[in-house]
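Subject: Structure for you to look at

Dear colleague,

Here is the structure I promised to pass on, and I would be glad if you kept it open while you read the notes below.

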Amino acid sequence: MTLASVSTASAGGAVKLQASRVGMRFKSEQTGASVEALRDIDLRVRAGEFLTIVGPSGCGKTTFLRVLAGLIKPTEGSVSLDGAAIDGPNPSVGFVFQSDNLMPWRNIRDNVGFGPEVRGEPARSWKPRVNDLLDLVGLTGFADSYPHQLSGGMRQRVNLARALAIEPEVLLMDEPFGALDAQTREIMQDELLRIWRETGNTVVFITHQIDEAIFLADRVLILAARPGRVQEILDINIPRPRSLEVKRTPEFGALVDHVWRGIERQVRASIRDEQRARPS
Amino acid sequence: MNGKIATANLGRLSTTPALARLNLRRLYTAHKSGALGLASMLGGLALWEIAARWIVQDKLFLVAPSDMIVRLMELTRTGEIQQHTITSGVEFLVGFAIAGLVGVAGGLALGVSPLARALATPWVSAFNSTPTVALSPLLILWFGIGLLSKVVVVFIVSVFSVLVNTQAGVEGADERLVETARAFGARRSQIFLKVLLPSAVPFIVAGLRLGVGRALVGVVVAELFGATSGLGYLITTSSQVFDMGALFAAVTILAIAGVASTELIRVVEKRLAPWRQR
C-alpha cells in the first residue's frame, strides 16, 4: 500500500473552506515596486480535514493564511467559508499565531477567555469552558499563572487553547511549533492530533518542517515561491490514529524525500537570494 | 530529673544568641539594598553633622542636622510647619492630580489619533523641552498669589512628562497583540481598552514618577515668586532672616514628600502591572 498519492481535487466530504484563484500583490514600502506574493491559488478544504502547507521561506504561506482568516483581503480572487465570502475575521475561525502573542497583563485564564470576552459572552459562561480547555491542552492548575511564568511549549498550548475557546469550526495555525525545541515539538504534534480528534475541527496548518507536515496531514499542499502558488497537493494515506513511531518507518522517509525534492530547488534559490540581498 | 531539665534549659539558653545572630543575618540578606541605603543615609548625616559642628563652625554657612531637627520641633510646636506643609500639599495634590488626568487622557488621545498627533506634536515638544518653571512669575501675575497660580504652575511643569510617556506607551504597543485582538473579532474600542491601554500602563507610571519630581519643584518655585504660606514661602522668608534651621527643615520635608510619593507610585505600579515584576 502506498502512503501517498497526488491528490485528485477534493474528493468526498463537504467543502468547508475554499480559495478561488487567490492572488495578492503588495506595494513594497522601500522601493514602491509591486511585489506578487500569491498567484492563482485554488484550494478546497473539506470539513474535518487536516491540511498542512509547506514551502520555502518567502513563499507566502503566512500571507495565504491571513487571507483565509479574513485579516487581509486578496487583491485577486476570493475566499469563502461554508460558501459565504470571507470579508473579515470570522467568529467560527480560530487563529493560532506563530509567536504565542499572549497578553502579558492577563493571567492564563483571561488570555484563553479573550475571544469569548470580546464577543460579550458573560464570564460565568466561558470560565468553565476555559478550565476544560486547560485540561485538554495539559495545563490544569495554571489558570492563575501569568505568561512569563510559563515555558515556550506551555505558552503555545495556551495559544492553542485560546483559539479553541471560541469553539471554532476551522483552526488556522501559523507555524505554531516553530519556536519549540525538537522534543517538545514532537510531543505537541502528538497532542495536537489528539485534540483534533476530540474536537473534529477543520485545520489548516502551516509549517516549514516537512516531517511535521506529513505526520499531521490528510493532505499536504506544497507551495512554490515567488510568487506563492500551488506546486502539488499530496494525499497522505497513513492510517490514523498515528503515533510518533510512524516517522521512523521507511515509507515515511520516502514521503519526506518526495516532498523535499519538490521544494529543494526553491529553497536553494531563496538561500541564494538572501545571500545576494545581504550586504557583504 | 531536675538536673536534666536544667541542662536542657541551659542548652536552649546558650543557643538563643546564636539564633538571634542568624535571624539578623537573614534579615540583612533579605533587605540588603534597604539596609545599605539606610546605612548610607545615616553615614551621610553623620558626616554632615561633623562638618557643620567641627569644621565649618558657622551656622549661617552650614547648619548641622541636629540643629535643624531642634528647629523643626519648635516649628511643629507653634504649628507653623504644619500650616506650610498643608498649603504646599494642597497645591501639589490639586495641580498634580489635574496634570495626571489631563496627561493620561491627552497622551492616550495623541497615541490613537493621527490627527490629534499632527496638530499637537509641535506644541507638546516645545513645552516639553522648555523649562516652563521659568514662566512662574508671569503665571503669578495672571492668576494671583493664591492657590490657583500654584496649581497652574504645578500643572504646567508636570503634565508633559505624563503626556509624552503615555503617548509613547500607546504607540509602543505590540503590533502582534493588536492583530491577535483583531483576529478574535475585537472592535476598535475593545482594542483600545484591552490592548493599547494595558500596554501603556508601565509607561504611564513612569511618566507619573517623573512628573512628581517636577511638580514638587513647581510648588516651591511658584511660592518663591509670591505667596503668603507654604514650604517655598518658608524657605524664602527663613533665608531672608538667616534662619538656616527652618530653611533646611522645609527642604527636608520636601525631600521626604518626594521619596514618599515615588514609593507610593511604585506600590501602585506593582498593583497595576504585576507582570512587570520578573
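I begin with strand β9 of chain A, residues 202-206, where five of the five residues are buried, so the strand is largely enclosed by the rest of the structure. Please bear in mind throughout that this is a predicted model. Along β9(A), the side chains of T202(A), V204(A) and I206(A) point one way while V203(A) and F205(A) point the other way, and all of them are buried.

β9(A) has parallel partners that can be followed by eye. Strand β4 of chain A, residues 50-54, pairs with β9(A) in the parallel sense over four bridges, and in this pairing L51(A) stands opposite V204(A). Strand β8 of chain A, residues 170-174, also runs parallel to β9(A) and is joined to it by five bridges, with M173(A) standing opposite F205(A). Between β8(A) and β9(A) comes helix α6 of chain A, residues 182-199, and these three elements make a right-handed β-α-β unit.

That helix comes up again when one turns to the domains of chain A. The domain assignment divides chain A into domain 1, which takes in 4-92 and 170-277, and domain 2, which covers 100-167; their C-alpha centres lie 25 Å apart. The contact between them takes 11 residues from domain 1 of chain A and 11 residues from domain 2 of chain A. On the domain 1 side, the largest share comes from α6(A), with five residues, and by class that side has eight nonpolar, two polar and one charged residues.

Chain A also contains an open sheet of four strands in the order β3-β2-β5-β6, paired in the antiparallel sense. Why do β3(A) and β6(A) each have one side left without a neighbour in the sheet? Both β3 (34-46) and β6 (84-85) stand at the edges, each with a single partner strand, so one side of each is left without such a neighbour. For β6(A), two bridges join it to the antiparallel strand β5 of chain A, residues 76-81, and there S80(A) stands opposite A85(A).

One further residue in chain A may be worth finding on your screen, namely R226(A), which is located in the loop between β10 (219-224) and β11 (229-236). With 17 other C-beta atoms within 10 Å, R226(A) is partly exposed. The C-alpha atom of R226(A) is separated by 37 Å from that of P147(A), and these two residues are 79 residues apart along the chain.

Turning to chain B, the domain assignment gives domain 1 as 2-56 and domain 2 as 65-276, and the centres of the two, taken over C-alpha atoms, are separated by 39 Å.

Within chain B, helix α6, residues 136-143, has S136(B), L139(B) and I140(B) as its buried residues. These cover an arc of only 105° around the axis, which puts them on the same side of α6(B). As a general point, an α-helix has 3.6 residues a turn, so residues three or four places apart point the same way. The buried residues of α6(B) pack against α7 (147-171) and α9 of chain B, whereas the face turned away from the buried side carries the exposed residues L138(B), L141(B) and W142(B). After α6(B) comes G144(B), whose phi is positive, near 85°.

A second helix of chain B, α10, residues 231-240, has L231(B), G232(B), Y233(B), L234(B) and I235(B) among its buried residues. What covers the buried residues of α10(B) includes α4 (80-112), α9 and α11 (244-272) of chain B, and α10(B) is followed by F242(B), whose phi is positive, near 55°.

Finally, there is the contact between the chains, in which 14 residues of chain B meet 18 residues of chain A. On the side of chain B that touches chain A, α8 (175-183) and α9 (188-224) of chain B each supply at least two residues, and α8(B) gives the most, with six residues. By class, this side of chain B has seven nonpolar, three polar and four charged residues.

With best wishes

Technical notes. Residues numbered from 1 in each chain as written. Chains lettered and ligands numbered in written order. Predicted model: local features only at pLDDT ≥ 70, side-chain atom pairs only at ≥ 80, totals over all residues. Buried ≥ 20, exposed ≤ 12 C-beta atoms within 10 Å, placed from the backbone. Pairing = 2+ DSSP bridges. Right-handed = clockwise from strand over helix to strand, strands pointing away. Contact = placed C-beta atoms within 7 Å. Nonpolar A, V, L, I, M, F, W, Y, C, P; charged D, E, K, R; others polar. Arc of directions from axis to C-beta. Domains from an automatic or database assignment.
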